[in-house]
Amino acid sequence: MTRDVMSDTELDRLLALATVPAVPEGAEARLMARLARAEAGETVVTFKPRQRRLVPWLSALPLAASLACGIYLGAAGFADPYMTTTDTVAAMDDSAAPGLDDVLAISEGSAS
Amino acid sequence: MGIAAPATPATAVPEPSDAELLARAAERDQQAFAMLVSRHYRVVYGLVWRLMNGHADAEDVTQATFLKLWSDPAQLRDAGALRGWLCRVGSNLVTDRARRKPMNPLDEAAEVADASPTAEGLMAGAEARAAVDRAIAARPERQKMALSLVHMNGMSNIDAAATMAVSVEALESLLARARRGLKEALVDRKEELLAALADGRE
């Protein structure tokens, strides 16, 4: 069986059928608008992110050490002798602080 | 004897050449660039559309091609080769995009691109057109580009070869292979397609 063939002329006639795309409406205007935006973008001053500096961390170091020292001295009681009581401020007496049991008694008026 | 009025020179201003417009565009003259765009947009868009098988991104790629030119118009040393340069950049952008994002087959694209009326007499013609488009889309990219430049954009073989940066012989070889492939793809429906073509002309 012989296969049908296609001549060059026939192919040219069919190629003439191929879609020739129409330029979308407003395409050139959109391009020029995009171009204008790109141009405008070039004149915008860009702010670079600040570089992290080491100095703030270094200055925070003695502060942190001082805080740690203070906590330690306070907890160890080294500062107690320097904390004097005055007449206007009562010395703290933790032993006299009422507990939860006392609250009920106070509310019932059996304790003052 | 009266004084003869001086003959008024022809007022038609010659169109500036691509070289002049490029030089002005290099000085950021958007109006000059707009003239270049209107002069070459259709050809570049047609090629990109063909290479992308009618994908909707064809406009975006065409715009990117022109923006590349706008970014540095001086990069083009021979203004006479502007159209070829644009086509080459456009085809490179299509290749880059295809690597990143595979395009839809033409079956879908043809429906998007074909806005023919659905009247009875045009149906067969539209179908024949879609068949030819599909056959072209199935060709390898280089063959498709050669077909598009020579057959759809009417470039000479010499110009098309320069655009594709190949010798004229290589271009002719690409065209011959493309045509052979198209014949093989379309021969089975030859009678039907030619009849549809004849119907469309009536």
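# Questions on a two-chain predicted model

Student: What share of the contacts in chain B with a separation of 6 or more comes from residues 24 or more positions apart?
Tutor: The structure is a predicted model. Among contacts in chain B with a separation of 6 or more, the share from residues 24 or more positions apart is 62%.

Student: How many helices does chain B have, and how many strands?
Tutor: From the N terminus on, the elements of chain B run α-α-α-α-α-α-α-α-α-α. The count is therefore 10 helices, with strands numbering 0.

Student: What percentage of the residues of chain B counts as buried?
Tutor: Chain B exposes about 10600 Å², and carbon and sulfur atoms supply 53% of that area. Burial is counted by residue, with under 20% relative accessible area as the cut-off. Of the 202 residues of chain B, the buried portion is 45%.

Student: And what percentage of the residues of chain A counts as buried?
Tutor: Chain A has 4 helices and 0 strands. Its exposed area is about 9700 Å², of which carbon and sulfur atoms supply 63%. Of its 112 residues, the buried portion is 12%.

Student: Which helix of chain B has the highest mean pLDDT?
Tutor: Chain B averages a pLDDT of 82, and 81% of its residues score at least 70. The lowest mean among its elements, 46, belongs to helix H5 (residues 106-113). At the other end, with a mean of 94, stands helix H9 (residues 168-186) of chain B.

Student: Over which residues of chain B does pLDDT stay under 50?
Tutor: Where pLDDT is low, the predicted coordinates should not be read in detail. For the stretch in question, the model has 13 contacts beyond four places in sequence. The stretch with pLDDT under 50 covers residues 106-117 of chain B.

Student: In which helix of chain A is confidence lowest?
Tutor: Chain A averages a pLDDT of 77, with 68% of the residues at 70 or above. Confidence in chain A is highest in helix H1 (residues 8-15), at a mean of 89. The lowest mean, 71, is found in helix H4 (residues 100-108) of chain A.

Student: What ipTM does the predictor give the complex?
Tutor: The predictor reports two values for the complex. The pTM is 0.65, and the ipTM is 0.71.

Student: With which side chain does the side chain of Lys190(B) make a polar contact?
Tutor: Lys190(B) is found in helix H10 (residues 190-201) of chain B. Lys190(B) counts as buried because its relative accessibility is 6%, under the 20% cut-off. Its side chain makes a polar contact, at 3.4 Å, with the side chain of Glu10(A).

Student: At roughly what angle do the axes of helices H2 and H4 of chain B cross?
Tutor: Helix H2 (residues 30-51) and helix H4 (residues 82-100) of chain B have axes that come within 9 Å, and H2(B) passes H4(B) in a right-handed crossing. Residues of H2(B) including Leu36(B), Val43(B) and Leu47(B) meet a set in H4(B) that includes Leu86(B), Cys87(B) and Val94(B). The crossing angle is roughly 35 degrees.

Student: Which residues of helix H7 of chain B make the contact with H4(B)?
Tutor: The axes of H4(B) and helix H7 (residues 141-152) of chain B come within 12 Å and cross at roughly 145 degrees. H4(B) passes H7(B) in a right-handed crossing. The H4(B) side of the contact consists of Cys87(B), Ser91(B) and Thr95(B). The H7(B) side consists of Glu141(B), Met145(B) and Leu149(B).

Student: With which residues is Arg177(B) in contact, leaving aside its neighbours within four places in sequence?
Tutor: Arg177(B) is found in helix H9 of chain B. At 38% relative accessibility, Arg177(B) counts as partly exposed. Its C-alpha atom is separated by 9.3 Å from that of Arg139(B), 38 residues apart along the chain. With the neighbours within four places left aside, Arg177(B) is in contact with Arg139(B) and Gln143(B).

Student: Near what value is the phi of Arg28(B)?
Tutor: Arg28(B) lies in the loop between helix H1 (18-26) and H2 of chain B. Arg28(B) is partly exposed, at 32% relative accessibility. Its phi is positive in a residue other than glycine, near 65 degrees.

Student: Does Asn53(B) count as buried or exposed, and why?
Tutor: Asn53(B) has its place in the loop between H2 and helix H3 (58-71) of chain B. Phi of Asn53(B) is near 55 degrees, a positive value in a residue other than glycine. Because its relative accessibility is 14%, under the 20% cut-off, Asn53(B) counts as buried.

Definitions and conventions
Residues are numbered from 1 along each chain as its sequence is written. Chains are lettered from A and ligands numbered from 1 in the order in which they are written. This is a predicted model: local features need pLDDT of at least 70, side-chain atom pairs count only at pLDDT 80 or more; totals for chains, interfaces and linings use all residues. Side-chain values use heavy atoms; hydrogens and water are left out. pLDDT is the predictor's confidence in each residue, from 0 to 100. Helices (H or I, at least four residues) and strands (E, at least two) are DSSP runs, numbered from the N terminus. Buried means under 20% relative accessible area, exposed over 50%, partly exposed in between (1.4 Å probe, protein chains only). Contact means heavy atoms within 4.5 Å. Accessible areas come from the Shrake-Rupley method with a 1.4 Å probe; for residues, only the protein chains shown count as cover. A polar contact is a pair of N or O atoms within 3.5 Å; within protein, one must be able to donate a hydrogen and the other to accept it, and residues adjacent in sequence count only if both atoms are side-chain atoms. Axes are lines fitted to C-alpha atoms, for helices over the stretch in contact, and angles run from 0 to 180 degrees between N-to-C directions. A crossing is left-handed if the near helix is turned anticlockwise from the far one by less than a right angle, and right-handed if clockwise.
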